[in-house]
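Trainee: I am new to this model and would like to look closely at a single part of it, namely how two of its helices pack together. Could you take me through that part slowly?

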Amino acid sequence: MADTTLSSAARGATPETHIPPKTGRTILALDLGTTTGWAIRGFDGLITSGTASFRPGRFDGGGMRYLRFTNWLTELDRLSGPIATIWFEEVRRHAGTDASHVYGGLMATLTAWAELRGVPYQGVPVGTIKRHATGKGNAPKQAMIDAARDRGFSPADDNEADAIAILLWSIETQGGVQ
């Protein structure tokens with residue numbers, strides 16, 4: 001369900017980043033969608049990222065995508081957590097109605113999951129993420145991928161690159177405080 005990519009070009013290596021080595025808090029960053037990009041900084045400071053597909057199967061009911069998302073979050077929390085904070089891309093405008101419905105359902109599922117566990121969560125506007133990663137608030141998808149690669153990561157697609165950018169923004173600005 002979730003594809004993981006290494007954070008650096010060399011297998012088994014740790015990327016050289018300028019991220020403060022604050023440990024003890026697990027931070028999850030998400031780019032919500034049918035293909036959800038995710039990046040997580042574990043309590044040990046290690047950053048891992050990937051994508052998870054929540055595309056419904058042929059015989060799935062309408063809510064199965066959200067049940068799988070809930071189970072995925074729970075498993076991520078169990079394996080990498082406990083998750084201390086969740087940041088997600090706050091989209092105000094969608095290309096289509098279906099994308100809007102999927103995003104809204106995933107966001108409702110995420111916020112309910114976090115509320116039940118007392119995990120703080122916050123959306124980050126798309127322009128803020130893009131400006132922090134590339135210097136341009138309306139950067140195209142490829143620029144986001146290139147920005148993640150410039151930082152030593154190897155994103156599989158723009159969803160993963162966006163999640164990495166959200167995570168780096170949250171760490172480097174302390175959630176927008178700086």
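Trainee: How many helices and how many strands does the chain have, and which residues of H1 meet which residues of H2?

Mentor: The chain has five helices and six strands, where helices are DSSP runs of H or I with at least four residues, strands are runs of E with at least two, and both are numbered from the N terminus. This is a predicted model, in which local features need pLDDT of at least 70 and side-chain atom pairs count only at pLDDT 80 or more, while totals for chains, interfaces and linings use all residues. Residues are numbered from 1 along the chain as its sequence is written, and side-chain values use heavy atoms, leaving out hydrogens and water.

From the N terminus on, the elements follow the order β-β-β-β-α-β-α-β-α-α-α. The pair you ask about is H1, residues 64-80, and H2, residues 97-117, whose axes come within 10 Å and cross at roughly 40°; these axes are lines fitted to C-alpha atoms over the stretch in contact, with angles from 0 to 180 degrees between N-to-C directions. That angle makes H1 oblique to H2, a word for angles that are not under 35 degrees (roughly parallel), over 145 (roughly antiparallel) or 65 to 115 (roughly perpendicular).

At this crossing Arg65, Tyr66, Phe69, Thr70, Leu73, Thr74 and Asp77 of H1 meet His101, Val102, Gly105, Leu106, Thr109, Leu110, Trp113 and Arg117 of H2, a contact being heavy atoms within 4.5 Å. Sorted by class, the contact of H1 with H2 holds seven nonpolar, five polar and three charged residues, where Ala, Val, Leu, Ile, Met, Phe, Trp, Tyr, Cys and Pro are nonpolar, Asp, Glu, Lys and Arg charged, and the others, Gly among them, polar.

Both helices also take part in the largest nonpolar core, which has 23 residues, and Leu28, Leu30, Phe69, Trp72 and Ile86 have the most contacts inside it; such a core is a set of buried (under 20% relative accessible area, 1.4 Å probe, protein chains only) Ala, Val, Leu, Ile, Met, Phe, Trp, Tyr and Cys residues joined through side-chain atoms within 4.5 Å. At least two residues of this core come from each of strand E2 (26-31), strand E3 (35-41), H1, strand E5 (83-90) and H2, and H2 gives the most, with six residues. Leu28 touches residues that include Leu73, Leu76 and Trp38, leaving aside those up to four places away in sequence.

Notes. Buried < 20%, exposed > 50% of the residue type's maximum accessible area, 1.4 Å probe, protein only.
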